[in-house]
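Let's take a walk through this structure together, going from annotated positions to aromatic rings. Please keep the 3D view open as you read.

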Amino acid sequence: MNDRPARRPAKPYRRPKKDPVRILAFEALRAVDERDAYANLVLPPLLRKAREKGDFDARDAALATELVYGTLRRQGTYDTIIASCVDRPLREVDPPVLDVLSLGAHQLLGTRIPPHAAVSASVELARVVLGDGRAKFVNAVLRKITAHDLEEWLEKVAPPYEDDPEEHLAVVHAHPRWVVSALWDALGGGRAGIEDLLEADNERPEVTLVARPGRSTTDELLAAAGEESALPGRWSPYAVRLAEGGEPGALEAVAEGRAGVQDEGSQLVALALASVPLEGPDARWLDGCAGPGGKAALLGALAAERGAALLASEKQPHRARLVGRALAGNPGPYQVIAADGTRPPWREGVFDRVLVDVPCTGLGALRRRPEARWRRRPEDVAGFAPLQRDLLREALRAVRVGGVVGYATCSPHPAETKAVVDDVLKREGVGAEWIDARPYMQGVPALGEGPDVQLWPHLHGTDAMYLALLRRTA
């Protein structure tokens with residue numbers, strides 16, 4: 001007699017359900033991880049392709065965008081939480097598995113998606129892209145994460161502020177510790193200010209347009225977008241802010257290049273340089289680091305109104321082509337060249353105004369490129385330093401005596417801002433003096449003690465652009 005219990009019949013195999021929204025989000029995260037791509041470049045073509053196939057509507061696109069950007073912004077926080085739920089170091093978890101876990105963690109802790117739906121959808125995604133075996137691992141980890149909400153998890157995994165302020169802020173606000181330290185040094189002040197800044201870095205930025213003078217107006221853009229979809233800029237007279245979900249490319253002026261997408265901080269930098277009064281000629285302007293062309297297009301339009309000509313120089317040929325597209329149709333004279341600003345082809349002292357928006361770590365644009373905070377390393381700051389100094393030195397040589405140079409960078413890191421200017425001005429043979437930049441950003445509050453200007457996301461609603469204005473004296 002056989003006393004063994006009868007075997008339960010095996011469950012029939014169920015084909016995993018393909019969720020196009022989450023599959024697209026996963027593909028975008030893999031591109032960011034594998035190819036060092038940027039989400040703002042990867043995601044739009046993926047969304048466009050999905051819409052063309054008929055898989056997506058506007059709500060699907062909005063969810064996919066939130067999943068990608070939300071996961072990237074909070075990656076460090078989610079990694080810390082996931083690490084407490086697995087029995088191995090995170091470096092031993094395959095990156096595709098970690099991407100699925102991060103997407104699931106964001107749905108559980110950063111959205112209003114019900115927990116059971118977030119887990120179920122993530123496990124189904126794992127079955128499609130990873131296979132049934134690893135889907136079980138995903139299921140087990142995410143079920144552990146459902147035990148607490150985000151606030152409870154942060155209390156468990158973040159050290160107390162009193163014990164380690166920088167590490168506490170790093171975990172709670174999802175920034176690498178060294179970035180927290182650098183931003184805090186640049187900002188100064190106590191806990192409230194740095195927390196406001198880190199929180200602003202984690203907010204989705206507005207889409208801001210620029211009406212290029214002589215080619216478009218803010219009234220045209222506001223009318224085209226509609227009263228419910230657009231607002232005037234806060235500080236720039238040429239800025240228009242689109243409501244969430246606004247499509248810049250759908251506006252005729254943007255499609256024709258008469259207007260463009262440009263953060264208001266970048267507009268303020270170009271406008272300040274153009275506003276400094278000069279004695280003598282004001283006929284030749286230079287944008288020495290012009291790619292991808294936003295500031296060059298605004299400068300070109302402003303120069304055209306005064307009868308001045310703009311030379312836009314960009315070292316990388318493919319970026320120089322982007323500059324050419326941005327300037328196409330400019331009403332005044334301009335030229336675009338591919339040239340190295342540290343070994344310039346132009347003669348010394350031939351320009352009246354020069355802008356150098358130098359390459360940098362991009363720590364001022366973490367709202368727009370959230371993956372950059374995890375990609376950059378402290379040594380990158382030192383790596384950019386020689387180039388930044390060389391570009392500023394050559395810009396001062398390029399401008400005539402009495403002319404003005406604008407040194408700009410999208411980083412508030414002290415080593416990329418005032419330290420660069422101070423160092424160049426101390427070098428023998430560079431005759432220049434500071435110009436107080438604050439009067440040339442009229443109406444903009446909280447600009448500090450000068451003479452340079454540092455903009456901030458939490459104070460101004462812009463990227464953290466830095467500007468120093470210098471006049472050549474010898």
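**From the annotated sites to the aromatic pairs**

A good place to begin is Glu314, which lies in strand S6, residues 309-314. Keep in mind that this is a predicted model. Glu314 has a relative accessible area of 8%, so this residue is buried. Its side chain reaches the backbone nitrogen of Gly291 at 2.8 Å. Setting aside residues up to four places away in sequence, Glu314 touches Cys289, Ala290, Gly291, Arg319, Ala320, Val323, Ile337, Ala338 and Ala339.

Glu314 also appears in a record: the unreviewed UniProt entry places a "binding site" feature at Cys289, Ala290, Gly291, Pro292, Gly293, Gly294, Lys295, Glu314, Asp340 and Asp357. Have a look at Gly293 from that list, in the loop between strand S5 (284-287) and helix H15 (294-305). Gly293 counts as buried because its relative accessibility is 1%, under the 20% cut-off. Leaving out residues up to four places away in sequence, Gly293 touches Val323 and Ala326.

Next, turn to Cys410, which the unreviewed UniProt entry annotates as "active site". You will find Cys410 in the loop between S9 and helix H19 (418-426). With 14% relative accessibility, Cys410 counts as buried too. Which residues does Cys410 touch, not counting those up to four places away in sequence? They are Asp357, Cys360, Gly362, Leu363, Gly364, Ala365, Asp463, Ala464 and Met465. Asp357 is thus a contact of Cys410 and is also one of the positions in the "binding site" annotation.

Now for the aromatic rings. Counting rings whose centres lie within 6.5 Å, there are two aromatic pairs. In one, the ring centres of Trp346 and Phe351 are 6.0 Å apart and the planes stand at 85°, so this pair is edge-to-face. Trp346 counts as buried at 15% relative accessibility, and Phe351 is buried at 2%.

The other pair joins Tyr407 and Tyr466, with ring centres 6.3 Å apart and planes at 75°, so this pair is edge-to-face as well. Because Tyr407 lies in strand S9 (residues 399-409) and Tyr466 in strand S12 (residues 466-472), the pair ties together parts that are 59 residues apart in sequence. Tyr407 and Tyr466 are both buried.

Finally, look for charges over rings. Arg369 lies over the face of Tyr38, at 4.1 Å from the ring centre. Lys418 has its charged end over the ring of Trp434, 5.8 Å from the centre of that ring.

Technical notes
Residues numbered from 1 in each chain as written. Predicted model: local features only at pLDDT ≥ 70, side-chain atom pairs only at ≥ 80, totals over all residues. Heavy atoms only, no water. Phe/Tyr/Trp six-rings, centres within 6.5 Å; stacked < 30°, edge-to-face > 60°. Buried < 20%, exposed > 50% of the residue type's maximum accessible area, 1.4 Å probe, protein only. Helix = DSSP H or I, 4+ residues; strand = E, 2+ residues; numbered from the N terminus. Lys NZ or Arg CZ within 6 Å of the ring centre and 35° of its normal. UniProt positions renumbered as here; feature names shortened; annotations may be inferred. Contact = heavy atoms within 4.5 Å. Polar contact = N/O pair within 3.5 Å; in protein donor to acceptor, adjacent residues only side chain to side chain.
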